[in-house]
Amino acid sequence: MNKLPLFSLAAIAAALFPAPSAMRAQDVDSAMLSNPPRDSWPGYHGDYSGLRHTKLTQITPENVGELGMAWAFQTNQTAAIKSSPLLVNGVLYFTVPDNVWAVDARSGHQIWQYTYPQNKGLHIGQRGVGMYKDWLFFLSPDGHAISLDAKTGKVRWNVVVADSAKGYWTTMAPLVVHNHVIVGVSGDFDNLHGYLKALDPETGDQQWEWDSTPPDGTPNAPSGGMTWMTGTYDPKLNLLYWGTGNPTPVLTASTRPGNGLYTCSIVALNPDTGKLQWAFQPSPHYTHDWDAVETPVLVDADFHGQPRKMLMQTSRNGYFFVLDRTNGKSLLTKPYGPTNWATGLDEKGQPIPNPAKDPASDGRLLFPDEGGLTNYRSPSFDPKTGLFIVDAHPSYGIYFAKPADGTVGWAGADYGVWGKGVLQAIDYQTGETKWTHELGRGGAGAGVLTTDSGLTFTGDSAGNMLAVETATGKTLWHAGTGAQMQTSPISYELDGRQYVLAGSGSVMFAWAVPEVSDTRPVTSQVRKLNQ
Amino acid sequence: MSLYFCSHRPVCLFAASLLTATLCLSAQSTSAQRTSTQSSNPTVQTPSARRQVAKAVAGTPSTALAESGNTVFQGNCAFCHGRDAGGGETGPDLTRSKLVGDDKNGEKIGAIVLNGRVEQGMPKFNLSPEQISAVTAYLHKQKADADLHQGGRRGVDVADLQTGNAGAGKQYFNGTGNCVSCHSANGDLAHVAKKYRGLALEERLLYPKNPPMKLSVTLPSGETVSGRLAYQDEFTVALKTDDGRYQSWPAAKVKFAVDDPAQAHADLLAKYSDDDIHNLMAYLQTLK
């Protein structure tokens, strides 16, 4: 073998096997969030793009069959984990309603737990924390934003961002852009206006508010348009992208003529002022509870031969949208599964709702069902194959509404009839599905992560975590986790070892390929010890 | 936001969507009792009914207990059953529930809470006896409040589902829908309208919940084992034989076939017009 200079061997060794050392402290800010180090996952989506794609390649199609559990963390809670963990300075932060944990990312050992006082907020789910510098930001079921010291879990400040007495609640993971902590709100059971707020990370003071719908009680106008999922951000354009939820009343539009702006919309806002730059409405005049809050995924690539800054969304209403994110103009709109509620597309590329499919007293059969063709858990975009991979839910539901149901909140009733889960890979250039992978009866509802080595991680309806080949959808690895994954997986590298993390039920699982410290057979090692 | 499907379900919504409508506290036989809860919810109250309601309100446990039950309810139950217990995306309206109405001191509600209805998508909740008694007080108060209010209720009444044409439904049943390939008006569906009414009947028409599926497995030896499908995912299939024994196999290593008697219902979903469904409902309601 050719001799290599000693220093280069040392350099290679150092690169391959970094020595454990006191880590240089990571300081979370917009620069880090724009380009997170390999040993971090500092925001809900990892970086700002929403691709949920990792550049890490240690786990490959060839070795993923050996993937094993590195550790598991038991929350011992009834509530399922729905949060996407953050990783900063070797510490993971994740949540269920009223609870935040700091956990050692190497061992799964708990560092601290913060428990919010018992409250009457709606405990429907908790999607994780946001982080700036050494501070965490957490939303409570009763509409408080709380900042915790990441080192200790001690409360720094606690402010009210939504009035739970009126019917708001909060679940989302705040997004940090510059010195703004951006928080959204939830609330479907009352006719309340939707909004997004920016808070000062130092004090919790409000910096701006953007309203998706007019003040409560405005006649002939929608309420709703809740902002309950974490948006994405383009640092170069300095634009914040956010999806808004359905209008209220939900199943009847008798009090809200027109398209109902800005409900069921994708909006671009200036993150420093909250000013609206443009809006696109996946579901004008909505009456089926299909929020448009699914991740607005930011992709820079060619579209039909032209370099484009795009925004892609697999929307809950069953349509795949590709927009030019500089101006909100449509590049492509196409259903990615069974839908029957639109008569066509308008000149903006927005579906035109069919009034015959509005909920009625004797019922209307709709596809998809209320859960939608997908829901809030993250899809993933794989830059190498150009595939947009989503957990889809082909489904059917019946929708009812009559005057006696009133015009407040749900204002009707709907029932799922049948559905199944399908992992689906969409070619963004055409909207055509390249491959599907059946995930089981009912549906799966897990998030998706892709890796630069050509792997896609997700979960099926039976509670198996799966690794499939990104190019084909072929299963390469699985492990039964005992509960359906309700989280979106993340990945990071620590001490030269790549981990994939996903919560299932109330347990957080960390997976890695086995550490190879000594490849000799055990007997020879024993002999050596005996010598 | 929505009652966001999976979004907010404590058990996975997707999976539960199949089961959504079956998740009904009020039912032993869910469908049957849902009907009875509907009929027990008169939209016009008689004076005597009002007196009964007033009596029920007077008889409810202390407001303080109900208030503490409200806190427990919001923390554990509201994400499925709605903030006011009036029903959410995945959980039924508990104010219309027969079981809640029949419950005296939490003995029925407590059993459901502690054991869950896992098959129907409701997990167990490990609540203390004090918490159960508080939730019971809260549910009784919500039921009494709801009974006092006209309108604004979310639900489907039998009267809502009478817009179809029975003759056209019969034609669809025998013709386009080809329902006769599995069903007969004089056989399995005789008196179906007595067993199921309203929404329960329509839901069964569209897709019967948890249909018993059959699995037959051919082993490498050539031996065939058949039974009721007990489990299936991408990697494992399992059945229960007639004597109740559970057996499973790696899906890749055996030949197997699943017979899903309800698949024809699923296949029809994309083909129905709304009129077809209403007409079929009208026809089935003649089979008394």
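This passage walks through a predicted model of two protein chains, A and B, starting with chain B, moving to the contact between the chains and ending with chain A.

Residues are numbered from 1 along each chain as its sequence is written, and chains are lettered from A and ligands numbered from 1 in the order in which they are written. Since the model is predicted, local features need pLDDT of at least 70 and side-chain atom pairs count only at pLDDT 80 or more, while totals for chains, interfaces and linings use all residues; side-chain values use heavy atoms, with hydrogens and water left out.

Chain B has 14 helices and five strands. Helices here (H or I, at least four residues) and strands (E, at least two) are DSSP runs, numbered from the N terminus. Of the 288 residues in chain B, 53% are buried, where buried means under 20% relative accessible area, exposed means over 50% and partly exposed is in between (1.4 Å probe, protein chains only). Contact, meaning heavy atoms within 4.5 Å, can link parts that are well separated along the chain: among contacts in chain B between residues at least 6 apart in sequence, 62% join residues at least 24 apart.

Two helices of chain B show what being covered looks like. In H14(B), residues 274–284, 10 of the 11 residues are buried, among them His278(B), Asn279(B) and Ala282(B). The cover over the buried residues of H14(B) includes H10, H11 (192–195) and H12 (198–206) of chain B, plus strand E27 (364–366) of chain A. H12(B) is mostly covered too, with eight of its nine residues buried; Leu199(B), Leu201(B) and Leu205(B) are among these.

Which residues does Asn165(B) touch, leaving aside its neighbours within four places in sequence? The contacts are with Asn279(B) and Ala282(B). Asn165(B) itself sits in the loop between helix H9 (129–148) and helix H10 (166–174) of chain B. Its relative accessibility is 43%, so Asn165(B) counts as partly exposed. Asn165(B) and His278(B) are 113 residues apart in sequence, yet their C-alpha atoms are 7.3 Å apart in space.

Next comes the place where the chains meet. The size of an interface is often given as the accessible area lost when the parts come together. Here chain A and chain B bury about 5,200 Å² between them, 57% of it on carbon and sulfur atoms; buried area is the accessible area (1.4 Å probe) that two parts lose on being put together, summed over both. Chain A brings 75 residues to the contact and chain B brings 62 residues.

Four salt bridges cross this interface, a salt bridge being a side-chain nitrogen of Lys or Arg within 4 Å of a carboxyl oxygen of Asp or Glu. One of the salt bridges joins the side chains of Lys402(A) and Asp157(B) (3.2 Å, N to O). On the side of chain A that touches chain B, E31(A) gives the largest share, five residues.

E31(A) (residues 413–427) runs antiparallel to E32(A) (residues 433–441), and seven bridges join the two; strands pair if DSSP finds at least two bridges between them. Val422(A) stands opposite Glu438(A) in E32(A). The two strands make a hairpin with five residues between them, and Gly431(A) in the turn has a positive phi of about 80°.

Over all chains, the salt bridge count comes to 17. Asp134(A) and Lys151(A) form one through their side chains (3.1 Å, N to O). Asp134(A) is in the loop between E7 (130–132) and E8 (135–139) of chain A and Lys151(A) in the loop between E9 (144–149) and E10 (155–160), so the pair ties together parts 17 residues apart in sequence. Asp134(A) is partly exposed at 24%, whereas Lys151(A), at 57%, is exposed.

Arg316(A) and Asp289(A) form another salt bridge, with the closest N and O atoms 3.2 Å apart. Is this pair buried or exposed? Arg316(A) is buried at 0% relative accessibility, and Asp289(A) is also buried at 0%. In a third pair, Glu515(A) bridges to Arg497(A) at 3.7 Å between the closest N and O atoms; Glu515(A) is exposed at 62%, but Arg497(A) is buried at 14%. Asp234(A), Asp300(A) and Arg325(A) are linked in a network of salt bridges.
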